[in-house]
Amino acid sequence: MAGAGEPAIEVMVDTSKKKKGGYILIVEGAIPTAKDGIHGVIGEKDGKPMTMKSWVETLARDALAVIALGSCAAFGGIPAAYPNPTRCRSVGEVLQAKGINIPLVNIPGCPPHPDWFVGTVASILLSGLPKPEDLDEHGRPKAFYGQTIHENCPRRAYYDENKFAKKFGDPGCNYELGCRGPITHADCPLRLWNNKVNWCVGCGATCIG
Ligand code: SF4
Ligand code: SF4
């Protein structure tokens, strides 16, 4: 079981002091920024609530790099959608607002595939930080997000021949059922999910992006 509560916070603070410039800060979730972030509190410091916003601003400064894990951390996700009363922001937006210029890798997905995360961390440990050419224009590793779902979909031949499924379970491309594979960058058709059991279109659903 992962650490929680005070011991986890102690390890986090201790690491940031002892390993300055040598740790990776991994952030999950969009960051509430309204009312100086009070809608998202993670533990306390000196008896006062610490907001997610202040943790990120504090810990990112001395990190080697920051990983924004999941669509909310990477792009704001559902919490940042209108009307966004807690003024949720992505990690990148929060760092930019504070002028914190630190390497940032976005690993979006709802959820992100475990391989995308572990593969990114392993790559940093083995080969160092990604070079600019390793990331796309949204800060995502091209190794995992370099192609669209559509490019590798086994139903692609149906799409090219304009053979579209009219209801779930039909043979054909699921585009008219709402598939967002043409505009979604990820390697699900090749990597599959749940220990390579299947993936969304493979089990008859659509890619929801
Ligand atoms: S099912 Fe979706 S990803 Fe597959 S070919 Fe059709 S539109 Fe593209
Ligand atoms: S196929 Fe689309 S909806 Fe399914 S996990 Fe991959 S990116 Fe997400």
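**Pockets, a cavity and two ligands**

Author: Let's start with ligand 2, whose space is the largest pocket. Be aware that this is a predicted model, where local features need pLDDT of at least 70, side-chain atom pairs count only at pLDDT 80 or more, and totals for chains, interfaces and linings use all residues. Residues are numbered from 1 along each chain as its sequence is written, chains are lettered from A and ligands numbered from 1 in the order in which they are written, and side-chain values use heavy atoms, with hydrogens and water left out.

Reader: What makes a space a pocket or a cavity?

Author: Both are found on a 1 Å grid over the protein atoms alone: in a cavity a 1.4 Å probe fits but cannot get out, while a pocket is an open set of points with protein on both sides within 12 Å along at least five of seven lines. Rolling a probe the size of a water molecule over the atoms shows where empty space is left. Lining residues have an atom within 4 Å of a point.

Reader: How do you know that ligand 2 takes the largest pocket?

Author: The rule for sitting in a space is that more than half of a molecule's atoms lie within 2 Å of its grid points. Ligand 2 is assigned to the largest pocket by that rule. This pocket has about 750 Å³ of volume, where volume means the space filled by probe spheres set on the points, with points joined across faces, edges and corners.

Reader: Which residues line the largest pocket?

Author: There are 26, with Gly109, Cys110, Thr184, Ile208 and Gly209 nearest the centre. Helix H3 (residues 71–75) gives the most, 3 residues; helices here are DSSP runs (H or I, at least four residues) and strands are runs of E (at least two), numbered from the N terminus. Domain 1 (5–143) and domain 2 (150–203) each supply at least three lining residues, the bounds coming from an automatic or database domain assignment.

Reader: What makes a residue count as being around ligand 2?

Author: One of its heavy atoms has to lie within 4 Å of the molecule. For ligand 2 that gives Ile149, Thr184, Cys188, Trp193, Trp199, Cys200, Cys207, Ile208 and Gly209. The class split is 7 nonpolar, 2 polar and no charged residues. Why is Gly209 not in the nonpolar group? Because nonpolar covers Ala, Val, Leu, Ile, Met, Phe, Trp, Tyr, Cys and Pro, charged covers Asp, Glu, Lys and Arg, and the others, Gly among them, are polar.

Reader: And where does ligand 1 sit?

Author: Ligand 1 is in the largest cavity. Its volume is about 90 Å³, and 13 residues line it, with His150, Cys153, Cys173, Cys179 and Pro182 closest to the centre. Those central residues also turn up in the shell around ligand 1, which includes Arg155, Arg156 and Tyr175 as well. That shell divides into 7 nonpolar, 3 polar and 2 charged residues, and the cavity lining into 8 nonpolar, 3 polar and 2 charged.

Reader: How many cavities are there?

Author: The count is 1 cavity of 30 Å³ or more.

Reader: What about the second largest pocket?

Author: That one holds about 490 Å³. Of its 16 lining residues, Met12, Leu25, Ile26, Val27 and Leu59 are closest to the centre. Helix H1 (5–18), strand E1 (24–28) and helix H2 (52–61) each give two or more residues, and the lining comes to 13 nonpolar, 2 polar and 1 charged.

Reader: Which peptide bond is cis at Pro111?

Author: The bond joining Cys110 and Pro111, with omega about 0°. Pro111 is in the loop between strand E7 (104–107) and helix H5 (114–127), and Cys110 is among the residues nearest the centre of the largest pocket. Another cis bond joins Tyr82 and Pro83, at an omega of about 10°; Pro83 is in the loop between H3 and strand E6 (88–89).
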